[in-house]
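Me: Hi! Could you walk me through this structure before I head back to the bench?

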Amino acid sequence: PQARDGFGPYAGGFTMVPYGDAAALEAAIDENTAAVLIEPIQGEGGVIIPPEGYLRAVREACTANNVLFVADEIQSGLGRVGTTFACDREGVVPDLYLLGKALGGGIIPLSAVVGDRDVLGVIHPGEHGSTFGGNPLAAAVGTTVVEMLASGEFQQRALALGEHLQAQLESLLGSGVTAIRVAGLWAGVDIDPAVGTGREVAEKLLARGVLVKDTHGQTIRMAPPLVIRSTEIDWAIEQLKVVLAG
Ligand SMILES: Cc1ncc(COP(=O)(O)O)c(C=O)c1O
């Protein structure tokens with residue numbers, strides 16, 4: 001509701017279903033369904049990781065019904081969760097990836113819709129464009145980001161350091177933190193309301209040099225750069241401990 005109230009009118013034809021519920025998704029597909037659009041891990045939602053098997057079930061339902069599976073990996077993609085795409089966690093390949101954010105190296109505005117020719121080929125040159133689409137500087141940065149992901153080094157870092165981050169965050173459970181959800185170097189941390197709101201914690205962390213983003217009132221999201229060092233994670237957690245202790 002927070003993201004929708006007062007923002008209409010909306011593009012028609014979308015049916016919303018509860019996230020992580022494969023049966024609800026399958027039930028919503030009918031002969032007029034063109035595509036299913038989901039985040040394989042929800043970002044703004046607070047790093048919501050769907051139940052194991054959900055992405056495979058979505059893939060199977062889409063294939064069985066000849067419906068496109070569109071994975072919005074704008075937050076979850078490009079190494080963040082320890083694999084190139086969050087869909088890789090379940091060995092699933094969607095028909096279209098939506099990419100952004102990290103694609104521009106975190107500094108250049110760049111986004112992309114990525115898919116096979118049989119899907120994207122329905123749009124012909126000249127039929128769809130944007131003023132800055134294909135910007136040479138942005139395209140050069142994006143190409144470099146894709147090259148940097150080829151060795152797997154950053155995915156590996158995200159995986160290993162993510163385990164470290166998770167262990168550190170687990171130690172805060174019951175001490176100002178009520179729940180954590182971690183995927184690679186990406187964490188949703190639910191703050192005990194007795195300590196304050198997510199926003200208040202985020203602002204106190206900012207004053208201590210740690211950038212996090214609040215979401216949904218009581219949650220903060222940590223998404224450090226994939227080049228972060230283990231000692232820097234420890235330092236950030238120390239700052240969080242101080243803030244939680246009031
Ligand atoms: C999952 C997801 N999809 C789409 C967007 C929007 O991307 P853009 O800012 O490139 O339009 C965002 C931005 O926060 C996002 O997190």
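Reply: Happy to; we can take the domains and then the ligand.

Reply: This is a predicted model, in which local features need pLDDT of at least 70 and side-chain atom pairs count only at pLDDT 80 or more, while totals for chains, interfaces and linings use all residues. Residues are numbered from 1 along each chain as its sequence is written, and side-chain values use heavy atoms, with hydrogens and water left out.

Me: Cool. How is the protein chain divided?
Reply: Into domain 1 (22–148) and domain 2 (153–244); the bounds come from an automatic or database domain assignment. Their C-alpha centres are 26 Å apart. The contact (heavy atoms within 4.5 Å) takes 20 residues from domain 1 and 19 residues from domain 2.

Me: And how much area do domain 1 and domain 2 bury between them?
Reply: About 1,500 Å², with 58% of it on carbon and sulfur atoms. Buried area here is the accessible area (1.4 Å probe) that two parts lose on being put together, summed over both.

Me: Which three residues supply 41% of the area on the domain 1 side?
Reply: Glu44, Val47 and Arg80, more than any other three residues there.

Me: How many salt bridges are there between domain 1 and domain 2?
Reply: One. The side chains of Arg221 and Glu44 form a salt bridge at 3.1 Å, N to O; the term needs a side-chain nitrogen of Lys or Arg within 4 Å of a carboxyl oxygen of Asp or Glu.

Me: Switching topic: what surrounds the ligand?
Reply: Glu39, Asp72, Ile74, Gln75 and Lys101, each with a heavy atom within 4 Å of the ligand.

Me: Which ligand atoms are the side chains of Asp72, Gln75 and Lys101 paired with?
Reply: For Asp72, a side-chain N or O atom is 2.6 Å from a ligand nitrogen. For Gln75, a side-chain N or O atom is 2.7 Å from a ligand oxygen. A polar side-chain atom of Lys101 also lies 2.7 Å from an oxygen atom of the ligand.

Me: How much of the ligand does the protein cover?
Reply: 54% of the 390 Å² of accessible area that the ligand has on its own, by the Shrake-Rupley method with a 1.4 Å probe.

How values were computed:
A polar contact is a pair of N or O atoms within 3.5 Å; within protein, one must be able to donate a hydrogen and the other to accept it, and residues adjacent in sequence count only if both atoms are side-chain atoms.
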